[in-house]
Structure formats: structure tokens, C-alpha cells
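These are my notes from going through one structure. I looked up confidence, surface, salt bridges, one helix and a few single residues.

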Amino acid sequence: MSPFVAELVGTAVLLLLGNGVVANVVLTDTKGHNSGWLVITTAWALSVYVGVVIAGPVSGAHLNPAVTVGLAVAGKFAWNLVLPYLAAQFAGAFVGAALVWLLYKDHFDRTPEPRLKLAVFCTGPAIRNHASNLLNETIGTLVLVLAVFFIAGAEITPTHTPVGLGSVGALPVALVVWVVGLGLGGTTGYGINPARDLAPRLAHALLPIRDKGPSEWTYAWIPVVGPLLGGVLAALLFLLLS
């Protein structure tokens, strides 16, 4: 695998499992219907673990434009690699989201509420207030990226896993994602990853989903701008503290 392919595949698996758990919880007649927030946050954390295990040895497993940009701002990642990484992440997120629709298509067809179908693909606020929604996405991502910087033995390069411990090294990152979801995710659904939100939202708009409703593009900028801002602030804070 090349780093581009690793980021694409890792992000696709992240979205396949992460959006998959949302489908399992919110869509009609699934085995996991109404199993709750703890199930969603736990599965998203483990989705990160699986994605990092797959992509880590080849690309460093950023799987998130906010991580890639934050690392570049901190001088820990080459700027000429940023755009290829971001392209791979967005492409992988689209593929993963499309696969979720394909696998859960029967349940999408049985689910009457358009808002639940959209929730499988992307985030939305519990209370719509763009200022506070943007702040929540920024702070949640800042915590995630700052923790990545300070994980003991961290070494994020195209040839090393994020924490230098092989597959086991993916676990601390997953735990950070888990606690961010449990602690801060109740406001906006903790996008904390521009690719995770924007590419699946585009998939929702393009796929032939029965009675799907709007893709809510007026909100779509928040889970993109907030995480990118959070990643940059985390890099600056890391440089200040280290």
C-alpha cells in the first residue's frame, strides 16, 4: 500500500464501522435499534482503532484532515503531503458511507423519518446555535489532536504508527475518541473530523436513498471549519507547551 491508499482504506473502514453503528441504532428493524449513545460512542472509538491498525504502518493513520493539518502546522508533517492525504481521507469517507447505505438499504427503505436517515451519514446539533455548535466542534477536536501530540512515544510519519506501539498503539487514540464522544458529543454529535462529516453528507445527497429529505448544507460548514480550527489551535498550543 502507498500512503494514499492506506489513508483511503483506513478512512473507509472508519466510516463503514462508525456510520454503520449509527445505522444499527437509529434505523427501523435493525438488531441494535434504540441501543443508545453508549453503543454509538464505543463503536466509533473502536472504528478508529481498526482504521489506525490498517493504515498506521504505511501512512501514520491520520484518517482526519484536522489531524493532518494540525501536524503540518506543528512541523511534524510535510506540507506537500497534506493535499494528497486530505484527498484520500475524503474519498475513503465517501466510500465507507456509501457501503453503509448498501448494507443497510432494506432498513433505510423501512425507516420513515428523513432526519434519521441523514443521521447515519453526518452530524447535526441537538440545539441549533451556530456559534456554540462551532465552539463545541472546535474544542472537541482540539482535545483529540492535542492528546495525539502528547501520547507517549508519539511518532506520526508515513512509516510509523501514531504511538509507536504497533497495533496496540492504536488503542490510546481510540480511548481519546471515546471520551470525547461521551463527554462532549451530546451537543453536536462530535464530528471532530471534516472528512467524516462532509464526504458522507455528499454521499447522502447523491445516493438514491428512498424519501431521504435534505442534506442540510446550511449546517455542513460547522463540522468542517470547527475541526480544522481545533486542529490548528491544538498544534499552536502544543508548540507553546512543549
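**Helix names.** The helices I refer to are DSSP runs of H or I, at least four residues long, and they are numbered from the N terminus. By that numbering, L38 sits in helix α2.

**Confidence.** The model is predicted. I looked up the mean pLDDT of the protein chain and got 92, with 93% of the residues at 70 or more. Residues 160-166 are a weak stretch, with pLDDT below 50. In the model this stretch still has 22 contacts beyond near neighbours in sequence. Where pLDDT is low, the predicted coordinates should not be read in detail. I therefore take no detail from residues 160-166, given their pLDDT below 50.

**Nonpolar surface.** Which residues form a nonpolar patch on the surface? I list W37, L38, L171, L175, W178 and L182. Their accessible area together is about 540 Å². Two elements, α2 (37-59) and α8 (170-184), each give two or more residues to the patch. The most comes from α8, which gives four residues. I checked L38 by itself: its relative accessible area is 52%, and the cut-off for exposed is over 50%, so L38 counts as exposed.

**A residue in α7.** I then looked at L144, which lies in helix α7. Is L144 buried or exposed? Its relative accessible area is 6%, and buried means under 20%, so L144 is buried. Leaving out residues up to four places away in sequence, L144 touches N64, V176, V177 and I192. I also took the C-alpha to C-alpha distance from L144 to L175, a residue of the nonpolar patch: L144 and L175 are 9.9 Å apart in space and 31 residues apart in sequence.

**Salt bridges.** How many salt bridges does a search of the whole structure find? The search finds five. I went through several of them.

The pair R110 and D29 has its closest N and O atoms 2.9 Å apart. This pair links distant parts of the chain, 81 residues apart: R110 is in helix α5 (residues 105-110), and D29 is in the loop between α1 (3-26) and α2. R110 is exposed, at 56% relative accessibility. D29 is partly exposed, with a relative accessible area of 48%.

The side chains of R128 and E216 also meet in a salt bridge, at 3.0 Å from N to O. Where do R128 and E216 lie? R128 is in the loop between α6 (114-121) and α7 (130-150), and E216 is in the loop between α9 (194-206) and α10 (222-241), so the pair ties together parts 88 residues apart in sequence. Both ends are partly exposed: R128 has 44% relative accessibility, and E216 has 30%.

R201 and D197 form another salt bridge, with 2.7 Å between the closest N and O atoms. These two residues both belong to helix α9 and are four residues apart, about one turn of the helix. Both R201 and D197 are buried. I also noted one network, in which K105, D109 and R210 are joined by salt bridges that share partners.

**Helix α9.** I checked the length of α9 next. The helix has 13 residues, and at 1.5 Å a residue it should span 18 Å; the end C-alpha atoms are 18 Å apart, so the two values agree. Which residues of α9 are buried? They are P194, A195, R196, D197, A199, P200, R201, A203 and H204. The cover over these buried residues includes α1, α2, α3 (65-73), α4 (82-103), α6 and α10.

**Backbone in the loop between α1 and α2.** I came back to D29 for its backbone. D29 has a positive phi of about 65° although it is not a glycine. N34, also not a glycine, has a positive phi of about 60°. D29 lies in the loop between α1 and α2, and N34 lies in the loop between α1 and α2 as well. N34 has 62% relative accessibility and the cut-off for exposed is over 50%, so I entered N34 as exposed. D29, at 48%, stays entered as partly exposed.

Conventions: Residues are numbered from 1 along each chain as its sequence is written. This is a predicted model: local features need pLDDT of at least 70, side-chain atom pairs count only at pLDDT 80 or more; totals for chains, interfaces and linings use all residues. Side-chain values use heavy atoms; hydrogens and water are left out. pLDDT is the predictor's confidence in each residue, from 0 to 100. Contact means heavy atoms within 4.5 Å. Patches are made of residues with over 30% relative accessible area and no salt bridge: like charges are joined within 9 Å, nonpolar side chains (Val, Leu, Ile, Met, Phe, Trp, Tyr) within 5 Å. Accessible areas come from the Shrake-Rupley method with a 1.4 Å probe; for residues, only the protein chains shown count as cover. A salt bridge is a side-chain nitrogen of Lys or Arg within 4 Å of a carboxyl oxygen of Asp or Glu. Buried means under 20% relative accessible area, exposed over 50%, partly exposed in between (1.4 Å probe, protein chains only). The expected span of a helix is 1.5 Å times one less than its number of residues.
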